[in-house]
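Trainee: Please take a close look at a single part of this model. I should like to see what surrounds it, residue by residue.

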Amino acid sequence: MNFTNFKPSDTLWERLRSTEKTVVMYGMGNGADKILAVCEHYGITVSDFFASDGFVRGHSFHGKRVLSYSEIKEKYGADNIIVLLSFASSLPDVLENFKRIAAECEMYAPDVPVCGDELFTYEYASAHADEIRAAYNLLADEESRRIFENTFLYKLTGDISYLFYAESDKDEVYRSLLRADEIHTYADLGAYNGDTVRELMAYAPNLSEVVAFEPDRRSFRKLSEFCESLNSPKVEKINAAAWSCRATLTFGDEGNRNSGLFAKGKAVEVSALSLDEVMDGRSVDYVKYDVEGCEREALRGSKNTVLSCKPRLLVSAYHRSEDIFALPLQISAMRPDYKLYLRRYPYVPAWDLNIICV
């Protein structure tokens, strides 16, 4: 991987600092707050906020009335604005709308981490260049390297076109890489409401046992309700976070998929356990890690299981800026004999990026 021709001036934040165009933001909420904080840090002014036509109801955000996209274009002109996308989606119709707006005006989706405060800037990438190259060189196929390169360029530029060149087919992941038809036992670290158990069931006809970790109380209740409807597989439900050891941790009490440890705002204390302690020597064929920025700790707490069982792994690699390079290096250090693949399902921003280890 060679980015020697990439310059600091090519990065999103430098582009925004130097532009004479009016910067506006598409969307509101937590994502917008994070992006606004970065803009403030760099001295970038966001002049207005807008929502999709049909979703404007006279509400305000940060003291400004939220406009429609049509009103924004009428007020400034499509050629005179830079749009910062501040919410996430994987819905096909929403992704198509993103493409339509990007074709009409200059639009970016700033890469701000789900967890932690480190931005993936030019300076950050330069400081971690050796680790980034080492992680890239661990990847087992050209598809993985293509996804890595395009995700890397997106993170620096905010240009969503790179993300559309970094998409994978879910069937290929389950059928070809994970060989789901051979999976009998599954550990789901971050089971949410049972959606990933349900998804695996569609690909794994021989699935018989599941161990499901979910710390959020409301999501755990929904997970329990889903499991009660199943005749098979047998599900062992663990109302705890996956961690490196037994502990009590602070957890965001939002009750949604992005609830995470050490969240700001409303929070509760939750129990945390390691996979090694829960499995206690039992065999497992497949482990999924989607634990909202705690993947490194959850992997540490799985070391004995991974060494003894050599299960297939799917590890989320998008919550923290360092995940794309730190997690492959950690996994390879644990088991150098794993083949590492990188796959990413359609999403803006660069979410649903996963390391598959077989």
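Mentor: The second largest cavity in this predicted model is lined by D111, V112, P113, V114, K155, Y318, H319, R320, S321, A350 and W351 (each with an atom within 4 Å of a cavity point). By class, six of these lining residues are nonpolar, two are polar and three are charged. V112, P113, V114, Y318, A350 and W351 make up the nonpolar group (Ala, Val, Leu, Ile, Met, Phe, Trp, Tyr, Cys or Pro). D111, K155 and R320 are the charged members (Asp, Glu, Lys or Arg), while H319 and S321 fall among the polar ones (the others, Gly among them).

The space in this second largest cavity is about 70 Å³ (filled by probe spheres set on points joined across faces, edges and corners). The structure has three cavities of 30 Å³ or more (sets of points on a 1 Å grid over the protein atoms alone, where a 1.4 Å probe fits but cannot get out).

A cysteine follows V114 of the lining in the numbering: C115. The whole structure contains zero disulfides (pairs of cysteine sulfur atoms within 2.5 Å). C115 accordingly takes part in none, and the nearest cysteine sulfur, that of C294, lies 6.7 Å away. C115 is buried (under 20% relative accessible area, 1.4 Å probe, protein chains only), its relative accessible area being 13%. C227 is likewise buried, at 10%.

Residues are numbered from 1 along each chain as its sequence is written. Local features need pLDDT of at least 70 and side-chain atom pairs 80 or more, totals for chains, interfaces and linings use all residues, and side-chain values use heavy atoms, without hydrogens and water.

Key
On a 1 Å grid over the protein atoms alone, a cavity is a set of points where a 1.4 Å probe fits but cannot get out, and a pocket is an open set with protein on both sides within 12 Å along at least five of seven lines; lining residues have an atom within 4 Å of a point. Buried means under 20% relative accessible area, exposed over 50%, partly exposed in between (1.4 Å probe, protein chains only).
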